[in-house]
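Hi,

Here is the structure I promised to pass on. Have a look at it first, and then read my notes below.

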Amino acid sequence: MKAFKLVQWGQPGQYVDVPKPEPGPGDVLIRMTAAGLCHSDLDMLDSQLGSAPYANSIDPDFILGHENAGFVAQVGTAVTDLRIGEAVVVHHMRHCGNCGYCTDGAEQHCETFKRNAIATTRGGGFDGGLAEYLLAPRTEVISIGDEDPVMYAPLTDAAVTAYHAVQTAVQRLKPGTSAALIGIGGLGTYGVQFIKLLSSARIIAVDNVRDRLQVAREVGADEAVLFEDHGTAATEQILSLTEGRGVDVIIDFVGSANTLQLAAKVSRPRGRIVLVGMQGGTLEVGWGLFATSCEFAISLGSTRQDLREVCRLAKSGKLRIDVQKFSFDEVQKGYDTLRAGTLTGRAVVVFP
């Protein structure tokens, strides 16, 4: 079958012919319908041999694509609860089911699949969905019934990662509180929607692109703040909007030094800063540099239960899902458009 692989570090992805996988007793073979493209794919494709966090942690020569949806083509002998032709999505994070994290409801930290600072995932160390077929254990496959896989593919990482990050802080968002989301791209747009659905907090969207701020307002943001230069004006505007009180919850979907500094400057005592973005920024912490009793957390991935809940929200019509489609022959074009920042929705490769 045809597949798009990261063959070697430091080289562009390429189409290759690989054997069609065969399901074992507990597996599901999925005929791919849609695979989302993500900025982390670009990070992997740009990685040089031995560089962090990918090329020092996982081996190359895997099929890319970690946002996957399609139809059941074949099931193993032990799989009895899925029918051929049923639409499904695949949770991209692997889990063993036996380690302390898996049994404690934190399977995204699974010790078996952790490599240095990252978790090996489908499409990030293991074969992903940029191929005609994808093989996955039944435990990592979620049925979406008769829903359209093309619209659900972006939910399997972009949406569910944002959802998990929001869930780590949403209990703090009581009436009268505020939340700032930095970076209104593929994840941030969903983040705004989830906070709107799950709380009554005042939502402040922050981005360096005006069009993205307009989208943020359309999906529920109460305020839109333009991030320019080093963020000095944005800091002042956010503090003004909160009457000097500061922000209760800040979720940084960028993770640069400038965005982390913004988060620290606008956080309030007993607030929470959640880092999702992986642009490599660092934050100096100490007395006078950080609000007192403010918590800082790095949010990693998601769980299968998170994905089930996100799919239920989508099925109820409560999520806006914007996609820009590319054919399977246009994977590189999709990546180039993603890199250029000119997408009009989440990039999704659609298979014939």
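**Strand 20 and its neighbours**

Let's start with one pair of residues: Ala 34 sits opposite Val 350, which belongs to strand 20. Before you go further, please keep in mind that this is a predicted model.

That pair is part of a bigger arrangement. Strand 3, covering residues 27-36, pairs with strand 20 in the antiparallel sense, and three bridges hold the pairing. Strand 20 also pairs with strand 19 (residues 323-327), but here the two strands run parallel, with five bridges between them. If you want a spot to click on, try Phe 326, whose bridge partner in strand 20 is Val 349.

Is strand 20 largely enclosed or not, and why? Strand 20 spans residues 346-350, and four of its five residues are buried, meaning under 20% relative accessible area, so the rest of the structure largely encloses it.

**A three-stranded sheet**

Now go to the start of the chain. There you'll find strand 1, residues 2-6, which pairs with strand 2 in the antiparallel sense over four bridges. Lys 5 is a handy marker, as it stands opposite Gln 14 in strand 2. These two strands belong to an open sheet of three strands, in the order 2-1-4, and the pairing is antiparallel. Which strands form the edges? Strand 2 (14-17) and strand 4 (62-63) do, each of them pairing on one side only.

**The chain as a whole**

Zooming out, the chain contains 10 helices and 20 strands. Its radius of gyration is 20 Å, close to the 20 Å that the globule rule gives for 352 residues, so the chain is as compact as a globular protein of that length. Along the principal axes, the C-alpha trace spans about 60 × 40 × 40 Å.

How much of the chain is buried? Of the 352 residues, 55% are. As for the contacts between residues at least 6 apart in sequence, 68% of them join residues at least 24 apart.

On the outside, the accessible surface adds up to about 15,200 Å², and carbon and sulfur atoms account for 48% of that. For charges, I get 32 positive and 40 negative side chains, with the centres of the two sets 5 Å apart.

That's what I have for now. Shout if you'd like to go through any of it together.

Cheers

Key: Residues are numbered from 1 along each chain as its sequence is written. This is a predicted model: local features need pLDDT of at least 70, side-chain atom pairs count only at pLDDT 80 or more; totals for chains, interfaces and linings use all residues. Side-chain values use heavy atoms; hydrogens and water are left out. The radius of gyration is taken over C-alpha atoms; the globule rule is 2.2 Å times the number of residues to the power 0.38. Buried means under 20% relative accessible area, exposed over 50%, partly exposed in between (1.4 Å probe, protein chains only). Contact means heavy atoms within 4.5 Å. Accessible areas come from the Shrake-Rupley method with a 1.4 Å probe; for residues, only the protein chains shown count as cover. Lys and Arg count as positive and Asp and Glu as negative; His and the chain ends are not counted. The place of a charge is taken as NZ of Lys, CZ of Arg, CG of Asp or CD of Glu. Two strands pair if DSSP finds at least two bridges between them.
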